[in-house]
Amino acid sequence: MHGGGRRRELLILPGASRSRQYHRGIDTKAPSTSPQDTARRARVLTGYRPTGPLHIGHWFGNILNMRKLQDEHDAFFFIADWHMLTTDYDRTELLPERIRGLVLDWLAAGIDPAKATVYRQSDVPEVAELALLLGMITPLGWLERVPTYKERLRDLAERDIANYGLLGYPLLQTTDITIVKGELVPVGEDQVSHLEISREIVRRFNRLYGPVLVEPQPLLSESPLIPGSDGRKMSKSLDNFIGVSDEPDEITAKVRTFITDPKKIRLGDPGRPEICPIFTLQRLFSPPDHVAWIDANCRSGALGCVEDKLDLAGRIVEYYRPFRERRAELERTPEIVDEVLAEGAAKVRPVVEETMKAVRRAMNLA
Ligand code: TRP
């Protein structure tokens with residue numbers, strides 16, 4: 001799945017030099033790339049709902065990809081706090097801490113505000129204005145057809161979320177993308193239909209009012225499926241995850257709860273790595289020769305699950321050590337979160353103003 005060279009690159013976490021570079025970015029507001037350079041790069045946008053702690057699934061599914069995107073593209077990364085309200089409108093007391101935690105997680109993970117534009121959706125009130133305008137031209141049927149809408153309603157049946165806001169989720173997402181002229185949007189499979197709606201809304205807008213909005217393209221990113229402790233996809237709602245900020249003891253305790261091959265009951269029984277979540281994780285956290293060794297010794301029965309788990313836990317603990325240390329360091333300067341968000345808001349504002357001027361003009365609202 002990953003070549004040796006690629007894997008090594010992924011294992012490198014930002015060190016002290018990156019952190020100095022980052023602070024320089026904040027102090028001087030100096031762009032890390034020249035304007036000509038930026039002009040050639042496609043603008044890529046991704047948002048993150050502040051729904052809780054980052055876990056290993058996010059890390060390998062998004063965070064590593066975002067680190068690459070910020071080097072290769074004109075990257076916009078934003079916190080979709082309004083989107084969180086589509087399901088958690090009755091839990092807004094959680095917002096400040098979750099947003100703070102997410103910014104700290106991003107910074108500690110190597111998301112670099114000197115390279116990417118990092119901002120919060122609700123700091124851009126024009127998003128609400130454009131969402132209202134796009135709502136005027138978005139047929140209800142398009143929104144009702146989105147599979148994730150029906151799934152959410154079903155999964156959260158006890159939570160009373162059959163509100164206008166949830167139905168409008170893909171519309172708000174379209175607004176996020178088009179308001180900054182996002183060209184590329186990294187998508188997982190469950191987001192493909194959202195992006196298709198976005199493209200249809202943009203086409204409809206441009207047909208009605210002239211070619212103002214940019215039609216976004218999906219950026220299909222390779223993201224391995226990360227299993228959680230029960231073998232299903234790692235996710236917060238299933239409570240089967242290992243947090244990237246978890247303390248070493250917690251990591252070890254959680255790894256111990258993972259299921260393995262149910263037919264491998266005791267040491268000596270042959271195992272099937274291909275169906276074992278622990279093995280899937282070993283492939284992410286261990287060098288290839290060790291993975292091959294585990295494969296052989298699990299199959300022969302010589303390697304027991306407990307030993308395999310303890311080995312994996314140790315590797316996860318080590319892998320995230322620099323992350324934990326850097327996050328702890330960032331916690332000592334809590335004002336950094338507000339600084340990052342203020343800088344991001346300032347960077348995104350002129351982009352948004354330009355779009356909104358063109359939109360208002362095209363619709364005869366200005
Ligand atoms: N839907 C994304 C999520 O599940 C968040 C999001 C909101 C987003 N707006 C976006 C992603 C625009 C990409 C582009 O967390």
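In the predicted model, the ligand is surrounded by L45, T46, G47, Y48, R49, A80, H83, Q173, D176, I177 and V185. By class, this shell comprises five nonpolar, four polar and two charged residues. Two elements, strand 1 (43-48) and helix 11 (169-179), each contribute at least two residues to the shell. The largest contribution is that of strand 1, which supplies four residues.

The chain as a whole contains 18 helices and five strands. Of its 366 residues, 35% are buried. Among contacts with a sequence separation of 6 or more, 78% join residues that are 24 or more positions apart.

Helix 11, one of the elements that supply the ligand shell, is mostly covered, with eleven of its eleven residues buried. These residues are Y169, P170, L171, L172, Q173, T174, T175, D176, I177, T178 and I179. The buried set thus named includes Q173, D176 and I177, which also belong to the residues around the ligand. After helix 11 comes K181, which has a positive phi near 55 degrees.

Helix 11 also packs against helix 12, with the two axes 9 Å apart and at an angle of about 70 degrees. Helix 11 is therefore roughly perpendicular to helix 12. The crossing of the two helices is right-handed. On the side of helix 11 the contact involves P170, Q173, T174, I177 and T178, and on the side of helix 12 it involves H194, I197, S198, I201 and V202. The contact contains five nonpolar and five polar residues, and no charged ones. Q173 and I177 of helix 11 take part in this contact and are also listed around the ligand.

Within helix 12 (residues 192-209) lies R199. R199 has 15 C-beta neighbours inside 10 Å and is therefore classed as partly exposed. Beyond its neighbours within four places in sequence, R199 contacts E215 and P216. The C-alpha atoms of R199 and T174 lie 8.2 Å apart, although the two residues are separated by 25 positions in sequence. T174 is itself a buried residue of helix 11 and is part of the contact with helix 12.

A second pair of packed helices is formed by helix 6 (residues 95-109) and helix 17 (residues 321-331), whose axes come within 9 Å and cross at roughly 130 degrees. Helix 6 and helix 17 are therefore oblique to each other. Their crossing is right-handed. Helix 6 contributes L104, L107, A108 and A109 to the contact, while helix 17 contributes F323, R326, R327, L330 and E331. In this contact, six residues are nonpolar, none is polar and three are charged.

Helix 14 (residues 277-285) is likewise described as mostly covered, since seven of its nine residues are buried. The buried positions are P277, I278, F279, L281, Q282, L284 and F285. The elements that cover them include helix 4 (56-72), helix 15 (288-300) and helix 16 (305-319).

Terms used. Residues are numbered from 1 along each chain as its sequence is written. This is a predicted model: local features need pLDDT of at least 70, side-chain atom pairs count only at pLDDT 80 or more; totals for chains, interfaces and linings use all residues. Axes are lines fitted to C-alpha atoms, for helices over the stretch in contact, and angles run from 0 to 180 degrees between N-to-C directions. Angles under 35 degrees count as roughly parallel, over 145 as roughly antiparallel, 65 to 115 as roughly perpendicular and the rest as oblique. A crossing is left-handed if the near helix is turned anticlockwise from the far one by less than a right angle, and right-handed if clockwise. Two residues are in contact if their C-beta atoms, placed from the backbone, lie within 7 Å. Ala, Val, Leu, Ile, Met, Phe, Trp, Tyr, Cys and Pro count as nonpolar, Asp, Glu, Lys and Arg as charged, and the others, Gly among them, as polar. A residue is near a molecule or strand if its C-beta atom, placed from the backbone, lies within 6 Å of it. A residue is buried if 20 or more other C-beta atoms lie within 10 Å of its own, exposed if 12 or fewer, and partly exposed in between; C-beta atoms are placed from the backbone.
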